[in-house]
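Work through the exercises below with the sequence and the 3D view side by side, and try each task before you read its solution.

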Amino acid sequence: MTFAPESFRDNVSQALKDQQLRQNIKGATDYFAANRQRTVAADEHFEQLREQGRLIKQRCLAKLPELLEQLEHKLTANGIKVHWAQTTEQANETIAQLLAQHGATRAVKGKSMVSEETELNDHLNARGVETLETDMGEYIVQLEHERPSHILAPAIHKNKVEVAQIFDKHIEGLGYTEDVDALILAARHVMRDKFKQADVGITGVNFAVAQTGTLCLVENEGNGRMCSTVPDLHIAITGIEKVVESLSDIPPLLSLLTRSATGQVLSTYFNMISHPRKSGEKDGPKAVHLVLLDNGRSDAFGDEAFRQTLQCIRCSACMNHCPVYRRVGGHAYGTVYPGPIGQILTPHMQGLDKTQDLPTASTLCGSCAEVCPVKIPIPQLLLRLRMFAQMPDKDEKPVVAGQGAGRKSAEAFIWWLWRYFHQSGRRYRLLTYMLTKMRWALPRVIKPWTDSRELPTVAKMTLHQRVKQRQRQQGAKR
Amino acid sequence: MNAKQAILAKLKAAQGNRAMTDLPDEPDYPLSQLDSAEQYRQWVELLERNQAVVIETVAADIAEVVTQQMKRLGLKSLLYGENTPFAAQFKAFAAELEATAFDFELDTQAKAFLFEQVDAGITTCHSAIAALGAIVLWPDKNEPRTLSLVPSAHFVVVRREQLYADWPTLLKQQQWQENLPTNVLLISGPSKTGDIQQYMAFGAHGPKHLIVLVV
């Protein structure tokens, strides 16, 4: 499969034919959905919590620029340096420079989708920095030079037999085993060595608290703690929308996140970092940096409807419940963020010219919006993106970059005709009358629509004619 | 214009002039309604569901219980924080247990020791949260962050009166926002991963065993 949203349709055809892939994805998403359902059903207040989550995120977005300034102010006062990046290149360059300043050549990484977004590993590897993904799923994916297929569980497209083969190939002395405990233990040993030697730990951030200048990380494995504690330098990278106003916003958002993601009441670890190592403390990084990335987020912010996209807390419930994602998996989308959230987020990062197919990959069934912990109206935003994909870019400043890229003149002409014939009863009756008379001349095949559909046949009489005939017959009876 | 100015200018231009005081009321977080005995049961149940081991004991017996548990797990060397109340107890078990104090800075040499030679770490805790089945650590210079992370077993001592009903109550009563330490941790069980075909494997990167001693 090709890693580009332009290849979405080709990727889908490939993914659908891969029975093993479909089985792996189904197994994983069923598991996540069932776990979520179990915890959510046990809590009569969950709907109230979702409403609270939505309003918290909307408040934090309403104050976004002020909160970002406050966050920087607080973090700086705490001794954590803040860097801003408009583009992925700027973010990568900032991190590469920080590493160069510290003479760091060995990096351990905690899971960070934003660093996937910037393709940080490639950038650092090109500068001679060794980067090791330490989340078990990310590690599997990195060994195979693949990309994550899910934002929470990057390797769900692989089953344990495939992982056993990968580890056998890459981990010296392990041999082939399908015993998952043995596989994890082997990876643990490989990575402990790396944690010990690493010069820098790079992680993402789940929430950044403006009130206190605190970076919060959610995880089960402990690799995020390793990366942010053991090396002398810790660099965190995150999107500008991750800032929340106060510490009291954290409990509800965290509860929504872990329950929507995996059905956990709380993740194994919730890690809150407010300072680098203070004098007298025996461990922890001596320097901590935060890179704040925009990459199209401020474009989404500019439109009040699309702004809701930024409410996302990256729980992955939308993909676990999406009938499209559940069949094609994450790689088919050709984007860092797959599934419904990726379909509404990526157009702001890459423009509709590249991503115009993504908003169409939905049945609009509404499952994603129903499970979203912060109530993002994903189907409505998909429709809005579909509209902008067709809307001619006449304005000076388009709402979405690449606006109108999906517009085809033939299609536009057909719709113009449709409108013309539907604007007056006379024209409409004339059209339908003509169609009944010209039945024999109508095409049997309209590609690609008829590849998987039957073309409906035009009736011998129009509905108007039928009704009139019926009225005549009934009149005659009386 | 640098990146910061550009981002902020763009956000401010798009922000609109809706008054910040005009924001809708937010519903309150649903707080726990359990009495203290129920809270304790809830906390233990959640921890055990996450494969933590909860042992009720008394403060004077901590070293004895730890020694027994380490024998059960086949572990030998224990690291404890300086100036912790139970540190002195371990002297009596020197024959069965190598107990050392975390009295060093974590440099390259110390990393090798911590990663390769220490089997277990024991810490006190800051508080515990019933509704989340959580233990809260505020690591400090006596009990550093890696003490509860690197060794493959983590013993944590929790006093019954440290248990709070839920997190918002704890935040409010203790006014955390006033002075957060370098690091705060909520822990709900041993380290784990389900990244290989949803099979839950324990001891992914952090401790494989979380043993909670309630006194």
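Two residues are in contact if their C-beta atoms, placed from the backbone, lie within 7 Å. Keep in mind throughout that this is a predicted model.

**Exercise 1. The contact between the chains**

Find how many residues each chain gives to the contact, and then describe the side that belongs to chain B.

Solution. Begin with the totals: chain A gives 76 residues to the contact, and chain B gives 62 residues. Next, look for the elements of chain B that each supply at least two residues of the side touching chain A, among them helix H1 (3–15), helix H4 (108–117) and strand S9 (183–187). The largest share of that side comes from H1(B), which provides 10 residues. Finally, sort the side of chain B by class, which gives 36 nonpolar, 15 polar and 11 charged residues.

**Exercise 2. Strands that meet across the chains**

Which strand of chain A is joined to S9(B), and in which direction do the two run?

Solution. First locate strand S9 of chain A, residues 269–273, which five bridges join to S9(B). Then follow the direction of the two strands, which run antiparallel. To fix one position in this pairing, take A:Phe270, whose bridge partner in S9(B) is B:Leu186.

**Exercise 3. A tryptophan in strand S1 of chain A**

Decide why A:Trp84 counts as buried or exposed, and then list what it touches.

Solution. Start with its place in the chain, since A:Trp84 lies in strand S1 (residues 80–85) of chain A. Now apply the cut-off, by which a residue is buried if 20 or more other C-beta atoms lie within 10 Å of its own. A:Trp84 is buried because 22 other C-beta atoms lie within 10 Å. Leaving aside neighbours within four places in sequence, A:Trp84 is in contact with A:Leu292 and also with B:Ala3, B:Lys4 and B:Ile7. A:Leu292 is 208 residues away from A:Trp84 along the chain, yet their C-alpha atoms are separated by 4.9 Å.

**Exercise 4. The largest nonpolar core**

Which residues have the most contacts inside the largest nonpolar core, and which helix gives this core its largest share?

Solution. The core has 184 residues, and those with the most contacts inside it are B:Ala128, B:Ile129 and B:Ile135. The largest share, seven residues, comes from helix H10 (residues 180–197) of chain A. As a last step, examine B:Ile129, whose contacts beyond its neighbours within four places in sequence include B:Ala134, B:Tyr164, B:Trp167 and B:Leu170.

Key: Residues are numbered from 1 along each chain as its sequence is written. Chains are lettered from A and ligands numbered from 1 in the order in which they are written. This is a predicted model: local features need pLDDT of at least 70, side-chain atom pairs count only at pLDDT 80 or more; totals for chains, interfaces and linings use all residues. Helices (H or I, at least four residues) and strands (E, at least two) are DSSP runs, numbered from the N terminus. Ala, Val, Leu, Ile, Met, Phe, Trp, Tyr, Cys and Pro count as nonpolar, Asp, Glu, Lys and Arg as charged, and the others, Gly among them, as polar. Two strands pair if DSSP finds at least two bridges between them. A nonpolar core is a set of buried Ala, Val, Leu, Ile, Met, Phe, Trp, Tyr and Cys residues joined through C-beta atoms within 7 Å. A residue is buried if 20 or more other C-beta atoms lie within 10 Å of its own, exposed if 12 or fewer, and partly exposed in between; C-beta atoms are placed from the backbone.
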